[in-house]
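Grab a pencil and keep the viewer open. Each exercise below sets a small task and then walks through it.

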Amino acid sequence: MIKRVCVAGAGVIGSLLAGHLAKVAEVSVLVRREEHAQALNEHGLRMSGRADHTGTVLASVDPAELPEPDLVIVACKGTDLGVIADRLAGHFPAATLMTVQNGLGAEDVVGARGAWPLLSSVTFMSGTRHSDTNVEYVLDTATWIGPYRATTPADAHEVADLIVSSGLKAEAFDDLRPAQWSKLIFNATVNAVAALTELPHDFHFAQIDELGDLGLLVRDLVDEGKAAAAAAGIELWEDPWEMNVHATQRGHRHYPSMLEDVEAHRPTEIELITGALVREAARTGVPVPLHTALYRLVRAKEASYSE
Amino acid sequence: MRICVVGCGAVGSLFAANLATLDDVEVWAYDASQAHVDAINANGLRLSGAGEVLSHPRATSDPAELPQCDFGIVATKAMHTDAAIDATAHAFAAGSVATVQNGIGNEEVLARHVERVIRGTTFPAGKILEPGHVQWDVKGDTTLGPFEPKPAAQEEIERLADACTRGGMPTTAVADARGPQWRKVIFNASTNPIGALTGLTHGRVCERPDLRALVSGLVNEGKAVAAAQGIELDSDPEVLIDHAAKPDVAYNHKASMLQDVEARRGTEVDYLNGGIVRFGREHGVPTPLNEAIWALVKGVEQSWQQ
């Protein structure tokens, strides 16, 4: 029975989880900045958009000040993962940890800091952060959860049920990798193309009428990803090309996080996403020249900020 | 001899100003910018920098004013070729028309409007400082040759090359001008869009080994497309790329395409990477990296229409 949850990292995803779970569990939040912790303790965490309530949470920058949780959801951005994982090291020995970062490899980054049982997850929900204490719930798509280390499908179900009871969408998988890889390929393609073109994820990404159309590149990138997945023995849960087409037909323009990062001249999650795909492909000997090119271009674009 | 420069931006102005110093050549400058045209007609066309020139070509923005010319030199940005030659073709009813533009495919566009076409590649560069005044950044050579499907006579090409050379723009007439053209297009297509997509100067692109390897990947595709057409490059684009990366050459140079992107102006990518992809298709040579880069830069242009 999960009674206490600690959400580590309160960006958009962490805030949406903490704000909702506060309705059904005792929620603490581990954040990076002292003033963020103070604001959360003082005002709570307001959910707007598709939700309308304020969750009461206990926040701190130091895990020692937080009660021992049953579940820790590591929800920071991939770029903060190392810092947050370091802070968790040595704490909460009885808890199960669940990562929700994009890409591949977050479980291993966290797992290297402690012997906690681990769950994997990927999330498709999205929101807009208006302040430290107010996040708008935008896309009410699901979070998918599966076992990773010393956990069982039943553990994944228990967490999914808890999340669903809080008003968010979630689903448990016996093996998350097919879904995780579908999203990996989708994100590696869409995020990197958006970061380089500064186009939001819109109809251009599915345009395949003429030579030079962006959709043709997107499809080639997806095909490279599929080949890498096949070589890793993964049977994809969803076709990333269809995910792309479907998303561009929703009628609103989505700003992938990597696009927001380059616009704000912040480091992107390219290492955990495209970098992970390129390294996996190298491990299995599958050529992914287009993903490799995009990986190099995005890293170079990040380097240009330091000029 | 009467020559009309069509498109009097930086490169067109270098040709027009230098040719107009010759006594035996009457030079017309056709340009869409009325301010530039008025300044040239009032005070002449001035170059400063690599060479100091003040001369008096006749400028107009009205194609109906153009007399019959022996030669045209088209120097517009590649995406404006069709409109520019459509407006001025009547002046070349008995003449031949050369392109000194970037990219590939410009000759094909000219050939839809005029009878005799000259393939050209030029390396000098500059920028417009103010109407009537152009900064001449680098001197360089120009190569002219026949456009094979609708060629100008070799004797004509030599006459034009001779006039350019005497005017101060060293120009060679050759039987096959595709080598220098493809060397330049491969150089531009392999480096300009990388700068445009990353925001890095030429030198910083080249000092990142992984990015320099991507540049070579693009170069190799371009070389394969040239080879499939039987084109012999006059020298290796890689040499030009490494030379330009040196601190005292163009390390800090922002590629023109990066300048275009920063100013949100349309780029020439359709005629650089897009040209390599189209010619590759025609000759059965795969060009996946050029195709990817082409689509990304087009995506950048599309992002401005949001």
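## Warm-up: how far to trust it

Chain B has a mean pLDDT of 96, with 100% of its residues at 70 or more. That is a confidence score because what you're looking at is a predicted model, and pLDDT is the predictor's own rating of each residue. For the complex, the predictor gives an ipTM of 0.89 and a pTM of 0.89.

## Exercise 1: trace the sheet

**Task.** Find the order of the strands in the open sheet of chain A, and say which strands sit at its edges.

**Solution.**
- Step 1: Walk across the 8 strands of chain A, and you'll read β5-β2-β1-β6-β7-β8-β11-β12, with mixed pairing.
- Step 2: Look at the two ends. β5 (58-60) and β12 (170-172) of chain A each pair on one side only, which makes them the edge strands.
- Step 3: Check the twist. On average, neighbouring strands of this sheet are turned by 25° against each other, ignoring direction.
- Step 4: Zoom in on one end. In chain A, β11 (residues 143-149) and β12 run parallel and are joined by 3 bridges. Here A:T143 stands opposite A:A170 in β12(A).

## Exercise 2: a helix on the sheet

**Task.** Work out which strands helix α1 of chain A touches.

**Solution.**
- Step 1: Locate α1 at residues 12-21 of chain A, where the helix packs on the sheet.
- Step 2: List its strand contacts in chain A: β1 (4-8), β2 (26-30), β6 (71-74) and β8 (118-123).
- Step 3: Compare directions: α1 makes about 160° with β1(A).

## Exercise 3: where the chains meet

**Task.** Describe the side of chain A that touches chain B, and name the helix that gives the most to it.

**Solution.**
- Step 1: Count the contacts: 21 residues of chain A meet 23 residues of chain B.
- Step 2: Find the suppliers. In chain A, α6 (177-197), α7 (214-231) and α11 each bring at least two residues to this side.
- Step 3: Pick the top contributor, α11(A), with 8 residues.
- Step 4: Sort this side of chain A by class: 12 nonpolar, 4 polar and 5 charged residues.

## Exercise 4: two helices crossing

**Task.** Are α11(A) and α8(B) parallel or oblique to each other?

**Solution.**
- Step 1: Take α11 (residues 289-304) of chain A and α8 (residues 209-228) of chain B, which pack at about 130° with axes 9 Å apart.
- Step 2: That angle makes α11(A) and α8(B) oblique to each other. Their crossing is left-handed.
- Step 3: Pick out the residues: A:A293, A:R296 and A:A300 meet B:D210, B:L211 and B:L214.
- Step 4: By class, this contact of α11(A) with α8(B) has 4 nonpolar, no polar and 2 charged residues.

Technical notes
Residues numbered from 1 in each chain as written. Chains lettered and ligands numbered in written order. Predicted model: local features only at pLDDT ≥ 70, side-chain atom pairs only at ≥ 80, totals over all residues. pLDDT = per-residue confidence, 0-100. Pairing = 2+ DSSP bridges. Helix = DSSP H or I, 4+ residues; strand = E, 2+ residues; numbered from the N terminus. Axes fitted to C-alpha atoms, helices over the stretch in contact; angles between N-to-C directions. Contact = placed C-beta atoms within 7 Å. Parallel < 35°, antiparallel > 145°, perpendicular 65-115°, else oblique. Left-handed = near helix turned anticlockwise from the far one by under 90°. Nonpolar A, V, L, I, M, F, W, Y, C, P; charged D, E, K, R; others polar.
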